[in-house]
Amino acid sequence: MCFRGFRRGHWWLWWALLSAGSIAYLATIIVHWQVGYTSLKHLIPAYAGLGILWAGCALSREQLCWQDVLDLDGRTGASDPNNT
C-alpha cells in the first residue's frame, strides 16, 4: 500500500524521505550527545535507523530520480517511436 507513491520520476518523494528522515535521526543523535547520554546500547537503534534510511535512499535513487524522456505530445518516448 505504501508503494503507490513510489513511482519512477517522483524525485520529490526521494528528497522528502532523505531530508525528513535524516533530520529526525540526526537531531536525535545530536541531542543525546549534547546532554551527555552517549550509551552505545541506547543509541544503536538511531545509528542503525540512519544507516538503513541512507542505504534505502541510495538504492532507490535511480528509480525515483530517473525521468522518462517525453515527446512533444507528452507521451513517454520509451515506447514504440512509430506509434502515433
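## Exercises on a two-helix model

The accessible surface of the protein comes to about 6700 Å², and carbon and sulfur atoms account for 65% of it. The model is a predicted one. Two helices and zero strands are present.

**Exercise 1.** Determine whether His-32 is buried or exposed, and list what its side chain meets.

*Solution.*
- Step 1: locate the residue. His-32 sits in helix H1, which covers residues 11-34.
- Step 2: take its relative accessible area, 18%. Buried means under 20%, so His-32, at 18%, is buried.
- Step 3: look for polar partners. The side chains of His-32 and His-42 make a polar contact at 3.2 Å.
- Step 4: list the contacts, leaving out residues up to four places away in sequence. His-32 touches Tyr-37, His-42 and Leu-43.

**Exercise 2.** Classify Leu-43 by its relative accessible area and place it relative to Ile-29.

*Solution.*
- Step 1: assign the element. Leu-43 belongs to helix H2, which spans residues 40-65.
- Step 2: apply the cut-off. With a relative accessible area of 1%, Leu-43 is under the 20% limit and therefore buried.
- Step 3: collect the contacts beyond four places in sequence. For Leu-43 they are His-32, Trp-33, Tyr-37 and Thr-38.
- Step 4: compare sequence and space. Leu-43 and Ile-29 are 14 residues apart along the chain, and their C-alpha atoms are separated by 7.3 Å.

**Exercise 3.** Identify the residues of the largest nonpolar core and the elements that supply them.

*Solution.*
- Step 1: name the members. The core has six residues: Leu-13, Trp-14, Leu-18, Leu-53, Cys-57 and Leu-64.
- Step 2: assign them to elements. H1 and H2 are the elements that give two or more residues to this core.
- Step 3: follow one member. Leu-18 touches Leu-53, Trp-54 and Cys-57, not counting residues up to four places away in sequence.
- Step 4: put the core in context. Buried residues make up 19% of the 84 residues in the protein.

**Exercise 4.** Compare the classes of Gly-56 and Ser-60 in helix H2.

*Solution.*
- Step 1: confirm the element. Gly-56 is found in helix H2, and Ser-60 has its place there too.
- Step 2: classify Gly-56. Its relative accessible area is 35%, which lies between the limits of 20% and 50%, so Gly-56 is partly exposed.
- Step 3: classify Ser-60. Its value of 10% is under 20%, so Ser-60 is buried.
- Step 4: add the surroundings. Ser-60 touches Phe-6 and Trp-14, with residues up to four places away in sequence not counted. The C-alpha atoms of Gly-56 and Leu-17 are separated by 9.7 Å, although these residues are 39 apart along the chain.

**Exercise 5.** Find the residues of the nonpolar surface patch and the helix that gives the most to it.

*Solution.*
- Step 1: list the residues. Trp-33, Leu-40, Ile-44 and Tyr-47 make a patch of about 420 Å².
- Step 2: assign the main contributor. H2 gives the most, with three residues.
- Step 3: examine Trp-33. This residue is found in helix H1 and is partly exposed at 47% relative accessibility.

**Exercise 6.** State what share of the contacts between residues at least 6 apart in sequence joins residues at least 24 apart.

*Solution.*
- Step 1: restrict the set to contacts in the protein between residues at least 6 apart in sequence.
- Step 2: read off the share. Of these contacts, 63% join residues at least 24 apart.

Definitions and conventions. Residues are numbered from 1 along each chain as its sequence is written. This is a predicted model: local features need pLDDT of at least 70, side-chain atom pairs count only at pLDDT 80 or more; totals for chains, interfaces and linings use all residues. Side-chain values use heavy atoms; hydrogens and water are left out. Helices (H or I, at least four residues) and strands (E, at least two) are DSSP runs, numbered from the N terminus. Buried means under 20% relative accessible area, exposed over 50%, partly exposed in between (1.4 Å probe, protein chains only). A polar contact is a pair of N or O atoms within 3.5 Å; within protein, one must be able to donate a hydrogen and the other to accept it, and residues adjacent in sequence count only if both atoms are side-chain atoms. Contact means heavy atoms within 4.5 Å. A nonpolar core is a set of buried Ala, Val, Leu, Ile, Met, Phe, Trp, Tyr and Cys residues joined through side-chain atoms within 4.5 Å. Patches are made of residues with over 30% relative accessible area and no salt bridge: like charges are joined within 9 Å, nonpolar side chains (Val, Leu, Ile, Met, Phe, Trp, Tyr) within 5 Å. Accessible areas come from the Shrake-Rupley method with a 1.4 Å probe; for residues, only the protein chains shown count as cover. A salt bridge is a side-chain nitrogen of Lys or Arg within 4 Å of a carboxyl oxygen of Asp or Glu.
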